[in-house]
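User: I am new to this structure and would be grateful for a guided reading of it. Please begin by showing it.

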Amino acid sequence: MSLAVLDRRQDAGDPWIRRLTEPAGRPAAVHGPLLCTVLHTAAALLLLTGALPVVDRGLVLAGLAAASAATGVAWTARRSRSVVGSLAVPAAHLGAVALLHAGTGSATTLFLLVGPLWALATLPDRRGVLVAVLGTTAVLAAPALAGPPTADDLPGALLLGPLAVAVGTAAVHGSSRRLAAQSHRIAQLQREQAALLAQVQSRADELDTASRILAARAQTMTSVIDAVTEQSIIGTDRDGTIRVWNPGAEKMLGVPRPDVVRTRSILDFHLPEELAAAAEDRGCGTGLEALVHAARQHGSDVRDWTYVAADGSHRTVSVAITPRSDDRGVHAGWNFVGTDMTEARATERLKDQFVSLISHELRTPLSSILGYLELVMDDEDQPLTDEQRQYLSTVERNAQRLLRLVGDLLFTAQVESGRFTLQPADVDLAGVVRAAEETARVAAASAGVQIVVDVPEDGLVVAGDAVRLGQACDNLVSNAVKFTPAGGRIDLALRRGWRTPDGAVVDHRSQDAVPVALLSVADTGMGIPAGEQGQMFTRFFRTSNAQRNAVPGVGLGLTITKAITTAHGGTLDLVSAEGVGTTFTMALPVAG
Amino acid sequence: MDPAQHSPGGGLAGPVPGGEVRVLVADDEDDIRALVCLAVRKAGCQVVAAAPDGTAALEAARAELPDLAVLDVSMPGATGLEVCEALRSAPATAGTRILLLSAGASPDEVARGLAAGADAYLPKPFTVSGLVRQVRALAVREPVA
């Protein structure tokens with residue numbers, strides 16, 4: 001991408017700029033030794049060839065030795081940035097030139113000044129200029145100091161020479177400094193540019209990563225939605241235009257995705273009459289509004305709708321409808337996640353029909369059995385013997401038991417299919433409790449169990465279905481009798497209590513608590529194992545104690561009792577300990 | 001013979017005071033129909049017809065014009081509810097008192113029965129004594145029309 005190009009361009013870096021940005025002392029340190037080496041080698045060759053006269057051999061040798069030593073040090077310390085070193089080496093060279101000048105007495109040797117003067121002039125330190133001037137003065141004065149004056153113009157040369165050197169080196173030094181300052185500035189700008197480029201690169205990397213993550217997420221979402229083949233996932237705009245259509249929807253409705261997305265409405269797959277009926281029921285607008293009304297009100301909605309497939313067939317689909325928001329949290333449309341319940345609902349209907357049929361078919365012969373038994377047992381013209389009466393009583397008791405079982409099965413089926421309705425009226429629970437005790441009295445007496453009733457004298461009225469509440473109470477009492485060994489005791493108690501908003505039932509009034517009637521049935525029976533207490537309200541569940549002790553029953557009583565309690569807006573709880581007993585408490589809301 | 005003399009204190013047995021009440025019984029189950037007939041007679045009434053289905057029940061009702069009809073709800077031909085509505089809509093039988101018997105005893109079913117024009121509704125299985133009481137109660141009631 002473009003930023004990588006920028007990056008490479010930066011790496012390529014102009015060598016000229018790079019050289020400029022080197023520390024200012026470096027060119028002198030590098031070029032000084034080389035230049036001096038070349039110059040002094042040339043001087044030595046001139047001396048050897050006799051082009052340069054040797055006046056004083058000692059001074060010339062000392063000069064060459066000093067030049068060699070200084071050049072050697074310069075080569076060795078060429079990496080050093082020490083200012084003293086940078087001054088000392090050219091100063092030593094100047095000394096060597098002074099010795100050679102004095103030893104030869106020839107002005108030719110003055111070309112050797114170029115090396116050290118260049119080195120000193122380009123030093124960042126102004127002392128370089130001073131050393132250059134002093135050194136030049138010393139070089140010019142050296143022949144005079146070593147012997148008698150060889151020229152009359154020495155004073156002029158001593159004055160003008162250093163002056164020219166001072167001006168020259170000062171000019172070179174100034175240029176060098178300006179150049180160094182500029183190169184320093186360029187280096188700074190380059191660093192800033194590099195930093196900016198790095199920043200841009202880093203931001204670009206972040207963007208790249210973010211877009212990769214987003215793409216990966218989108219891919220994950222798409223693959224998840226595409227993996228759902230048994231549920232329809234349909235997403236729409238606010239106006240119902242389809243935007244998302246997964247393979248499950250394709251399969252369920254027989255229309256491929258390209259044929260619906262952006263071109264068709266969710267309403268094309270619904271029954272108009274069903275939507276119209278829903279609109280009437282909910283008192284809202286028709287069409288899409290009827291479909292999403294409940295989801296708009298409550299945040300989500302799950303119910304059965306009829307989808308019309310491409311081949312015109314109708315599917316009963318349980319559709320979960322939720323609103324969809326965009327990235328700014330603004331409502332953008334609706335999601336419809338559907339599960340085809342056509343077969344399941346048909347099976348449920350079949351089961352309902354079957355249960356109704358069976359219960360009718362079982363009730364009819366039972367009606368005959370019980371009716372004719374009654375005729376025989378109540379026939380005053382032909383009274384039965386005690387033995388006959390006992391046998392027929394057994395027949396009657398078992399026929400009644402079968403009848404109750406049929407009733408329980410039918411009731412359970414009604415609860416499951418949601419066809420269980422209550423006939424609400426004011427019901428005095430005290431009367432319900434007394435009636436339950438009366439019903440269970442004979443069975444309790446024959447089992448050797450004592451029933452104690454404790455209800456308020458003035459009664460306790462709740463709104464409910466008297467028959468169903470009686471059935472619920474009977475179930476609890478009959479269970480208590482069945483599970484309590486001889487010599488045991490059953491307490492039927494009715495009192496007022498309060499239910500707090502978190503569902504706890506307390507004896508004392510507290511803030512926000514609603515008044516409830518507490519109907520409890522406590523026995524001193526065998527108790528329920530702790531591990532089984534959670535399953536007590538599951539239909540057909542029987543405790544291990546019940547099975548071990550062959551207590552009769554099919555495991556529907558508590559399921560029915562719980563359903564009745566729930567339908568009344570109440571709760572049913574149990575507390576039990578094995579070998580100690582069980583207490584069931586039904587809490588039903590009371591008015592006021 | 002005065003039938004009232006045979007039912008002192010409103011007992012179960014014996015004819016209904018004020019003359020023998022003519023009753024139509026309809027139930028597709030033979031045993032139940034026989035049991036209902038027995039109960040009707042125990043209540044001191046006369047069974048004028050015992051029909052095994054809804055169609056026969058309607059024909060018998062039109063022919064006999066009974067005072068009381070004891071109808072099973074679930075019958076072939078025409079259901080007890082349909083017979084009930086047909087009797088109520090025909091002027092000749094509109095005043096017939098009607099007792100429905102049904103295995104369905106849910107509040108909805110009872111409400112449907114009463115809406116169809118029945119005077120009383122007795123869920124199955126019934127006790128003979130309960131049916132006798134119900135028949136007697138309807139038998140002594142003045143006809144609706």
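Analyst: The questions and answers below concern a predicted model.

User: How many residues does each chain bring to the contact between chain B and chain A, and which helix of chain B gives the most?

Analyst: The contact takes 15 residues from chain B and 14 residues from chain A. On the side of chain B that touches chain A, helix 1, helix 4 (107–115) and helix 5 each supply at least two residues. With 4 residues, the helix of chain B that gives the most to this side is helix 1.

User: At what angle do the axes of helix 12 of chain A and helix 1 of chain B cross?

Analyst: Helix 12 of chain A covers residues 342–377, and helix 1 of chain B covers residues 30–42. Residues that meet here include A:Ser367, A:Gly371 and A:Leu375 from helix 12 of chain A, and B:Ile32 and B:Leu35 from helix 1 of chain B. By class, this contact has 5 nonpolar, 4 polar and 1 charged residues. The crossing is left-handed, and the axes come within 9 Å and cross at roughly 35°.

User: Which helix gives the most to the largest nonpolar core?

Analyst: The largest nonpolar core has 44 residues, and B:Leu68, B:Val70, B:Leu71, B:Leu99 and B:Val135 touch the most other members. Leaving aside neighbours within four places in sequence, B:Val70 is in contact with residues including B:Val36, B:Leu99 and B:Val135. The helix that gives the most to this core, with 6 residues, is helix 5 (residues 128–140) of chain B.

Terms used: Residues numbered from 1 in each chain as written. Chains lettered and ligands numbered in written order. Predicted model: local features only at pLDDT ≥ 70, side-chain atom pairs only at ≥ 80, totals over all residues. Axes fitted to C-alpha atoms, helices over the stretch in contact; angles between N-to-C directions. Left-handed = near helix turned anticlockwise from the far one by under 90°. Contact = placed C-beta atoms within 7 Å. Nonpolar A, V, L, I, M, F, W, Y, C, P; charged D, E, K, R; others polar. Core = buried A, V, L, I, M, F, W, Y, C linked by C-beta atoms within 7 Å. Buried ≥ 20, exposed ≤ 12 C-beta atoms within 10 Å, placed from the backbone.
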